Amino acid sequence: MTDRLKELSATGVAVWLDDLSRVRLQSGSLDKMRREQHVVGVTTNPTIFAKALADADAYDDQLKDLAAQGVTVEEAVRLLTSYDVRWACDVMKPAYDASNGVDGRVSIEVDPRSAHLTEKTASEAKTLWWLVDRPNLFIKIPATQAGLPAITATLAAGISVNVTLIFSLERYKAVMQAFLDGMEQAKANGHDLSKIGSVASFFVSRVDTEVDKRLEKIGTDEAKALRGKAAVANAQLAYQAYAEVFGSDRWKALADAGALPQRPLWASTGTKNPDYKDTVYVEELIAPGTVNTMPEAVIKAYEDHGDTRGDTVTGSYADAQKVMDDVAAAGVDLDDVFRVLEDEGVENFEASWAELLEDVKKSLDAAAQGSGNPSDAARG
């Protein structure tokens, strides 16, 4: 039987799982994926945790304890999610050790309500770092304008960062500059650069969803023929920008001091359109030094019928640029597309965070009533 995920990994693509739950940890599912499916990292977000806590009773005992202590809802959410992430970090530690700290990483996100607040984001990043207290942790920070200086400040403090919600080439370039600034400051602050990791999460499928919608509205044959092409082209051009920045003299000076490159991470790689092949955002974005974080369904699909054709990104830049130029020429305002996607991304995570808080509040209230404690155990 062909081991397609092993073939994919051999091209230089790190396979990460875009999911986490207490059930997955308790069952040994995550450890099995690490051992048998070449999964070497985990990403989480508020939506993933909202689903995990809404669907499982695996948190009941901890919720009863927290209710008895009268913790706030927000305290409870952070304690529960950081517990899961700490556990996942321990499960992934063998991959971290085997890769000398490159892989084996697990991400936890700052409160999405702080996405436009630089100082609050940076301070929460520090708090999450010592709360989880694992060397293979990533603190996930949105790539908003306010997030950029927070990224620099967090790296400067010696803390590893997963930059999320990147949609445009312009913003990705700003993220790489924030990374370089942060690493230079970390060096000046005396941190061991070899211990600081970072990835830049460049979102894929959502670009097609928004661009396709606009192309269909335009309605010409030329516009319709471009559907399903923008997301891959956009990501391929991002890899071109990555190669340029991490081939620069500025980066070489940091690399000589022990720094690891900030790898591009392809996020949102599950297809939203059922007409598209379910592994397209993996197959078309194979390049060395990248991460592809996939929902479990995509991992299984690739394991079953993924096509590893070697590097499908390097050398594609001219064609990719033509796709983006043609999309713009057809009448799609790409700057507006990227603005909408960033705003929606933050809003969606805020909504998931609110859902998470509400679910935990209900659970705390129920636990408090069951133990005879006053219902203000779920205050906050």
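How many strands form the closed barrel, and in what order do they run? The closed barrel has 8 strands, in the order 1-2-3-4-5-6-7-8, with parallel pairing. Neighbouring strands of this sheet are turned against each other by 30 degrees on average, direction ignored. Axes here are lines fitted to C-alpha atoms, for helices over the stretch in contact, and angles run from 0 to 180 degrees between N-to-C directions. Pairing requires that DSSP finds at least two bridges between two strands.

This is a predicted model: local features need pLDDT of at least 70, side-chain atom pairs count only at pLDDT 80 or more, and totals for chains, interfaces and linings use all residues. Residues are numbered from 1 along each chain as its sequence is written, and side-chain values use heavy atoms, with hydrogens and water left out.

## Overall build

The protein has 17 helices and 8 strands. These are DSSP runs numbered from the N terminus: helices are H or I with at least four residues, strands are E with at least two. The radius of gyration is 21 Å, close to the 21 Å from the globule rule for 380 residues, so the protein is as compact as a globular protein of that length. That radius is taken over C-alpha atoms, and the rule is 2.2 Å times the number of residues to the power 0.38. Along its principal axes, the C-alpha trace spans about 65 × 50 × 50 Å.

Buried residues account for 54% of the 380 residues. Buried means under 20% relative accessible area, exposed means over 50%, and partly exposed lies in between (1.4 Å probe, protein chains only). The protein exposes about 15600 Å², and carbon and sulfur atoms supply 49% of it. These areas come from the Shrake-Rupley method with a 1.4 Å probe; for residues, only the protein chains shown count as cover.

Among contacts between residues at least 6 apart in sequence, 78% join residues at least 24 apart. Contact means heavy atoms within 4.5 Å.

## Strand pairing

Strand 1 covers residues 13–17, and 5 of its 5 residues are buried. Val13, Val15 and Leu17 lie on one side, Ala14 and Trp16 on the other, and both faces are covered. In a regular strand the side chains alternate between the two faces of the sheet.

Strand 1 runs parallel to strand 8 (residues 290–294), joined by 5 bridges. In that pairing, Thr293 is the bridge partner of Trp16. Strand 1 also runs parallel to strand 2 (residues 39–42). There, Leu17 stands opposite Val42, and Val15 stands opposite Val39. Between strands 2 and 3, Gly41 faces Arg105. Between strands 3 and 4, Glu109 faces Lys140.

| Parallel pair | Bridges |
|---|---|
| Strand 1 and strand 8 | 5 bridges |
| Strand 1 and strand 2 | 2 bridges |
| Strand 2 and strand 3 | 2 bridges |
| Strand 3 (residues 105–109) and strand 4 (residues 137–142) | 4 bridges |

Outside the pairing list, helix 12 (residues 230–245) lies across strand 6 (198–203), strand 7 (263–267) and strand 8. Helix 12 runs at about 170 degrees to strand 7.

## Nonpolar core

The largest nonpolar core has 126 residues. Such a core is a set of buried Ala, Val, Leu, Ile, Met, Phe, Trp, Tyr and Cys residues joined through side-chain atoms within 4.5 Å. The residues with the most contacts inside it are Leu30, Val85, Ile139 and Val360. Helix 17 (residues 334–371) gives the most to this core, with 13 residues.

Leaving aside neighbours within four places in sequence, Ile139 is in contact with residues including Ile108, Leu128, Trp129 and Val161. Nonpolar side chains tend to be buried together in soluble globular proteins.

## Loop residues

Most residues other than glycine have a negative phi. His38 has a positive phi of about 65 degrees, although it is not a glycine. His38 sits in the loop between helix 3 (29–36) and strand 2. Its relative accessible area is 23%, so His38 is partly exposed.

Ser268 also has a positive phi, near 55 degrees. Ser268 lies in the loop between strand 7 and helix 14 (280–283). Is Ser268 buried or exposed? Its relative accessibility is 10%, so Ser268 counts as buried.

Thr269 lies in the loop between strand 7 and helix 14. At 1% relative accessibility, Thr269 is buried. Its C-alpha atom is separated by 7.7 Å from that of Phe203, 66 residues apart along the chain. Leaving aside neighbours within four places in sequence, Thr269 contacts Tyr281, Asn292, Thr293, Met294, Pro295 and Val298.
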